Amino acid sequence: MFERFTKDAREVVQGAVEQAERARSSSVGAEHVLLALLDREGSRASFALASLGLSGERKQSVREDVAEARRRAGLSQADTDALAGLGIDVSEIVARVEEAHGIGAMSGDRKDRSWWSGRRTFGRDAKEILEKSLRIAVAQRDRHIGDEHLLLALTTRPGVPAETLAAHGVTHESLLRVLYGGGEAKAG
């Protein structure tokens, strides 16, 4: 599958690994793929994001939303709302844990310097994004897998990346319109 990845898509995958390393996470997750995509410039995915108004300060807002979700142990806002319906206040739990163990204690980030810094594995969610990007490319009859396919895949899987993108106006449908036509500018 990786032989079909474009240079941009490969750089996103490498960027996701680097994001995971910076976060001192033991595995690469879908949120790391999203953060790596936000760092891209001059690619089909970056064009699509800019076309949908996601650039500059709005990209920073997405980064902050992802960081906030990490503070909640990766729970999406939908998960948080569902738990609130059961009488569980996630923000109260986060506050208590951080009071006892420090800011970001639930994020899974490792603060100790002696922590193993070997090769990062891809988590189930990140693997699903890579597999889905292949299916999307095939469905669009594209001969390659580009960073735009990774971005489209992120919008199809429930979780923090899709929820965060949707909250900023980037949905699967809007991306398809921008990337593949349907009355809007087509990414080149």
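## Salt bridges and surface features

Arginine 24 is found in the loop that runs between α1 (7-22) and β1 (27-28). The model is predicted. The phi angle of arginine 24 is near 55°, a positive value in a residue other than glycine. Arginine 141 also has a positive phi, near 60°, and lies in the loop between α7 (124-139) and α8 (147-154). Arginine 141 counts as exposed because its relative accessibility is 76%, and exposed means over 50%.

Side chains of opposite charge can pair when their charged atoms come close. The count of salt bridges here is seven, including the three tabulated below.

| Pair | Closest N to O |
|---|---|
| Lysine 7, glutamate 11 | 3.4 Å |
| Aspartate 39, arginine 63 | 2.8 Å |
| Glutamate 148, arginine 44 | 3.1 Å |

Aspartate 39 and arginine 63 form a salt bridge. Aspartate 39 lies in helix α2 (residues 30-39) and arginine 63 in helix α4 (residues 57-71), so the pair ties together parts 24 residues apart in sequence. Aspartate 39 is partly exposed at 42% relative accessibility, as is arginine 63 at 25%.

Glutamate 148 and arginine 44 meet in a salt bridge. This pair links helix α8 to helix α3 (residues 44-51), 104 residues apart. Both residues are buried.

Lysine 7 and glutamate 11 lie in helix α1, four residues apart, about one turn of the helix. Lysine 7 is exposed at 61%, whereas glutamate 11 is partly exposed at 31%. Lys7, Asp8, Glu11 and Arg40 are linked in a salt-bridge network.

On the surface, Leu86, Ile88 and Ile93 form a nonpolar patch with about 280 Å² of accessible area together. Isoleucine 93 lies in helix α6 (residues 90-101) and is partly exposed at 39% relative accessibility.

Key:
Residues are numbered from 1 along each chain as its sequence is written. This is a predicted model: local features need pLDDT of at least 70, side-chain atom pairs count only at pLDDT 80 or more; totals for chains, interfaces and linings use all residues. Side-chain values use heavy atoms; hydrogens and water are left out. Helices (H or I, at least four residues) and strands (E, at least two) are DSSP runs, numbered from the N terminus. Buried means under 20% relative accessible area, exposed over 50%, partly exposed in between (1.4 Å probe, protein chains only). Patches are made of residues with over 30% relative accessible area and no salt bridge: like charges are joined within 9 Å, nonpolar side chains (Val, Leu, Ile, Met, Phe, Trp, Tyr) within 5 Å. Accessible areas come from the Shrake-Rupley method with a 1.4 Å probe; for residues, only the protein chains shown count as cover. A salt bridge is a side-chain nitrogen of Lys or Arg within 4 Å of a carboxyl oxygen of Asp or Glu.
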